[in-house]
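User: Hey, I've just opened this one and I'm new to it. Can you walk me through it?
Analyst: Sure, have it in view and ask away.

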Amino acid sequence: MVTEGMADIALCLLITKTLLAAWALLSAAEWFANLHLFRSDGLLTWNILRLRPRLLIPVSVRHHVYAESAVIAVLVCRIAAGLLLLIPYPSPADLPCSLLILLSCFYMSRRTWFGGDGSDQMGMVIAAGVAIISAGLALDDMNLAASGVFAISGQAVLAYFVAGAAKVVSPVWRDGNALLGVMKTRTYGHSLAASFAAERPAFCKFVCWLTIGTEMLFPLVLLAPPGVAIASLCCFALFHFANAYFMGLNAFVWPFLATYPAVMLANSAVRNWMGWI
Amino acid sequence: MSLVSILLYSVVTLWLVVTLLAQNSRFQSVINRFNGLHIIPRWTFFAPNPGVRDYHLVIRERYRDGRLTDWKSVAVYPPRPKLAYLWNPQKRASKILTDAIQAIKLLLKHDDVGPSGLPFTVPYLLLLHYAAHAVPAEPDAAEFQIAIIESTGHLERELECSFLSSFHSRW
């Protein structure tokens with residue numbers, strides 16, 4: 001039973017770390033394309049950002065720690081860790097690599113202050129979860145590994161549920177205007193989708209309520225029969241692909257899909273605990 | 001169950017509970033004080049108020065004799081690439097601009113800051129510094145001013161000026 005559980009967790013780790021690697025490589029490559037932002041005339045210049053309060057690093061080394069060369073070094077580490085995570089079986093490198101990605105997440109969020117998004121947050125969650133699961137597998141401690149699964153699946157359930165709950169209290173989401181409003185922007189919108197939505201208010205309302213309903217009902221995936229749970233997660237994956245296509249949210253796909261193996265393991269654990277298996 | 005497992009289960013449970021609390025604005029100010037590394041995520045994507053405006057930064061200068069130049073657009077990020085669903089690095093600069101502008105709007109409403117204290121805040125200085133370097137100074141220009149323009153629409157655009165800075169020395 002324990003061996004079977006460890007095999008399931010090992011498979012979960014394999015899929016999760018591969019998707020974490022995809023996110024780590026994509027996010028690092030996109031930051032590399034934005035290195036100009038960190039220069040003295042860039043939007044994230046340290047000349048100004050050093051003025052913000054509550055910086056954790058001592059003043060004497062702060063300039064070196066947050067210099068453009070340090071940003072490059074951190075991103076190179078993230079890429080190296082991402083490449084090593086692509087080894088197609090649980091390996092001893094998984095723990096240090098996921099910890100390295102986790103530390104790079106902390107560093108980038110401190111250095112940039114502005115510009116982070118939900119993909120960075122979920123990337124951080126996945127890196128933490130993969131680190132815990134890897135430690136559990138390395139130490140042959142199933143409970144330790146399962147706590148990593150608990151962390152990832154718990155944050156995934158919270159992420160979807162909170163996203164839905166925050167929308168249901170919003171009048172612009174309930175009346176469908178949020179969809180048209182977002183689609184009409186150049187930042188997150190899509191010209192064809194905007195012109196399609198502009199003439200179909202009922203469709204906008206339907207899509208907004210579909211988003212609210214499915215996001216809020218996400219916790220039920222933990223209780224559903226495995227076939228239904230997998231089908232539901234496939235629908236959520238399509239939702240992320242649609243967001244990537246219409247809104248340019250390309251980096252959200254990988255870390256959110258990376259939560260699904262842990263969600264399926266949590267589904268199995270919950271159904272087992274309820275005596276449904 | 002090993003001691004390490006019990007400890008980790010406790011830490012993860014605490015992390016999830018604090019994450020849930022952090023989604024409520026009542027607890028955010030307290031949690032933010034201890035969230036320097038952004039360990040506590042916020043999952044309220046595009047809600048309750050989704051971004052329905054694009055932001056643009058513009059700049060104009062004042063000569064020593066008091067004449068003003070036309071407003072010039074400050075290039076912050078290029079348009080979204082066609083393959084943005086695969087590769088979209090532009091979103092970072094656009095998000096930084098949006099975050100800085102949202103912070104300026106919040107600071108303007110803040111009793112401790114307001115319009116008089118805003119020029120001493122980091123988001124304001126960040127945009128001011130960026131605009132001053134992104135657009136070369138006109139010869140003989142003494143001062144400059146920035147403004148935030150909000151727009152909506154793809155082909156037919158509606159524009160609105162939502163913020164106008166004071167004049168600042170060019171040199």
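User: Which residues of chain A does UniProt annotate as "transmembrane region"?
Analyst: The unreviewed UniProt entry puts that annotation on residues 65-86, 121-139, 144-163, 216-239 and 251-270 of chain A. Positions follow the numbering used here, feature names are shortened, and such annotations may be inferred rather than shown by experiment. As for the model itself, it is predicted, so local features need pLDDT of at least 70 and side-chain atom pairs pLDDT 80 or more, while totals for chains, interfaces and linings use all residues. Residues are numbered from 1 along each chain as its sequence is written, chains are lettered from A and ligands numbered from 1 in the order written, and side-chain values use heavy atoms, leaving out hydrogens and water.

User: How much helix is there over residues 144-163 of chain A?
Analyst: That span is 100% helix and 0% strand, with its end C-alpha atoms 29 Å apart. Helices (H or I, at least four residues) and strands (E, at least two) are DSSP runs, numbered from the N terminus.

User: And residues 216-239 of chain A? What's the helix share there?
Analyst: Here it's 62% helix and 0% strand, and the end C-alpha atoms lie 14 Å apart.

User: New topic: how many residues does each chain put into the contact?
Analyst: Chain A brings 76 residues and chain B 63, where contact means heavy atoms within 4.5 Å. In chain A, the residues losing the most area to chain B are A:L43, A:F114 and A:R186, together 12% of what that side buries.

User: What's the total buried area?
Analyst: About 6,300 Å² between chain A and chain B, with carbon and sulfur atoms giving 68%. Buried area is the accessible area (1.4 Å probe) that two parts lose on being put together, summed over both.

User: How many salt bridges between chain A and chain B?
Analyst: Two, counting a side-chain nitrogen of Lys or Arg within 4 Å of a carboxyl oxygen of Asp or Glu. A:D120 pairs with B:R92 in a salt bridge, the closest N and O atoms being 2.8 Å apart. Helix 7 (residues 142-168) of chain A gives the most to the side touching chain B, with 14 residues.

User: And how many over all chains?
Analyst: The count is 16 salt bridges. One pair is B:R53 with B:E160, at 3.1 Å from N to O. B:R53 sits in the loop between helix 2 (25-33) and strand 1 (54-63) of chain B and B:E160 in strand 4 (residues 158-164), so the pair ties together parts 107 residues apart in sequence.

User: Which domains does chain B have?
Analyst: Domain 1 (1-47) and domain 2 (54-169), with bounds from an automatic or database domain assignment. Their centres, taken over C-alpha atoms, are 34 Å apart.
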